[in-house]
Amino acid sequence: MRANVIGAGPNGLSAAVVLAAAGLQVEVFEAEEQAGGAARTMELTLPGFLNDFGSSVYPMGAGSPFFRSLPLEELGLEWVHGDACVAHPLDDGTAVFLEDTLEAQERELGADGKAWVNLMRPAAERWWDIAEDVLRPPLHVPRHPLLMARFGLYAVQSADALAKRFKTERAKALLAGIVGHSLLSFDQPMSAAVGILFGATAASVGWPVAKGGAQAIPEALIRRLEQLGGVVHTGRRIESLDELDTRDAIMMCDVTARQLLKVAGARLTAGYRRTLERFEYGPGAFKIDYALSEPIPWRTPECRRAITVHLGGTYAEIAQSEYEVAQGRIAEKPNVLLTQPSLFDAARAPAGRHTAWAYCHVPNGATVDRTQAIEDQIERFAPGFRDCVLARRVWSPADLERMDANLLGGDINAGAFHLKQVLFRPSIRAYRTGTEGLYLCSASTPPGGGVHGMCGYNAAQVALRDLGR
């Protein structure tokens, strides 16, 4: 039995590894010359400066049950952690930190320390139990029903409702920065889920980067696939399934819902095609990669303790920014997410130099240049930042999509994360398409965006069950 996998992002490669381990002959076809999708590392600014094209920090990668099952270090993947998971500077010259233990979090948040830890502790202390359920399709019998019931009680809430548990602006701001990764308005149901999951990972698996760059993740998966006899073809764009020999083969597609319409064409039923046509995409990203002459000059120097820095100010400011984007508008003061990996991974830049990237959310496909707005937010908390910039590479949503066709309109999650598309992503079938032997394994399926490989893992498991393996 053979398997053809379209797309060599983390999900496509994860599916390929699972299928190859089950004895299938696997070939992967990747449109770009470099495998990895949004988990690629390149010299995007100046020679010798390694920037991650897309994602860079991987709490869900370190917390992935599938990745945990692999001999990652033997495959060349090493996680690198900061001294703190997140820094969140404030206008008063202080910063609040997401620390990597529950005890340190309680101390850091003072009057709200106990409330924060009580919220995060169940998922943090039993991360691998909750990950087994949360990173599976939502419509399944939980393996840990009581744990999932408690998580679900809070996860379905809006971030606004969750924030009412806290008294201090510091705790609320920290929560807002974390929830800001969800690309949801803070008044929407399910916007609390990312806040709890990402908050819990801090004290369980951390918020690491891959040593040497995000590229280490797909390279590790490719090494494992090759050990199992699989092959990856790069620079091979598949416009239609008709280009491949599908006899005695299953097809696994690491493409978004809308792209599957083009690739699969008439092989899809009319009903499933309508479902894919109705699938909604979320806000896009506007991103800037930097080569820096020195570390970012934070007003609060302790911000160098963290690889990830959230730049949005107060809870109210960040919530307003995300609300505006959800309404299809450009936020005057964007919520900016920034990474500074070279502080802890010297391989990213020449000696004494540094890399960073920053992005904000914009309406899907927006064409407005947000460079000044992003850098104004950085300068707000790091005066003199622009003087450190040796070079920058600016990415509009269209630029991101040209580099990775799965980033439609700049949507890094391959589909909006509102309640309906959490439960039915992209349909009640999840990975099955209604066409025998054809499966979807991208972030348009459960559990959605994030470099964890679980969309590919889950889809491959479904395919193997259908094959009776």
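**Cavities and a pocket in the predicted model**

Sorted by class, the residues around the largest cavity come out as eight nonpolar, no polar and one charged. The model is a predicted one, and the cavity in question encloses about 60 Å³ of space. Its lining is made up of Leu119, Pro122, Ala123, Ile130, Leu147, Arg150, Phe151, Tyr154 and Ile196. Two elements, helix H5 (113-125) and helix H7 (145-155), each supply two or more residues to that lining. H7 is the top contributor, with four residues.

Altogether, the structure has three cavities of 30 Å³ or more. The second largest cavity comes in at about 40 Å³. Around it sit Leu292, Pro295, Ile296, Gln340, Ser342, Leu343, His354, Thr355 and Ala356. Here the biggest share of the lining comes from a strand, E14 (residues 354-362), which puts in three residues. The class split for the second largest cavity is five nonpolar, four polar and no charged residues. Polar residues are thus on the list here, while the largest cavity has none in its lining.

Turning to the pockets, the second largest one has a volume of about 260 Å³. It is lined by 20 residues, and those closest to its centre are Leu183, Gln188, Gly282, Pro283 and Ala416. Nonpolar and polar residues are evenly matched in this lining, at nine apiece, and two charged residues complete the set.

Conventions: Residues numbered from 1 in each chain as written. Predicted model: local features only at pLDDT ≥ 70, side-chain atom pairs only at ≥ 80, totals over all residues. Heavy atoms only, no water. 1 Å grid on protein atoms, 1.4 Å probe; cavity = no way out; pocket = protein on both sides within 12 Å on 5 of 7 lines; lining within 4 Å. Points joined across faces, edges and corners; volume = space filled by probe spheres on them. Nonpolar A, V, L, I, M, F, W, Y, C, P; charged D, E, K, R; others polar.
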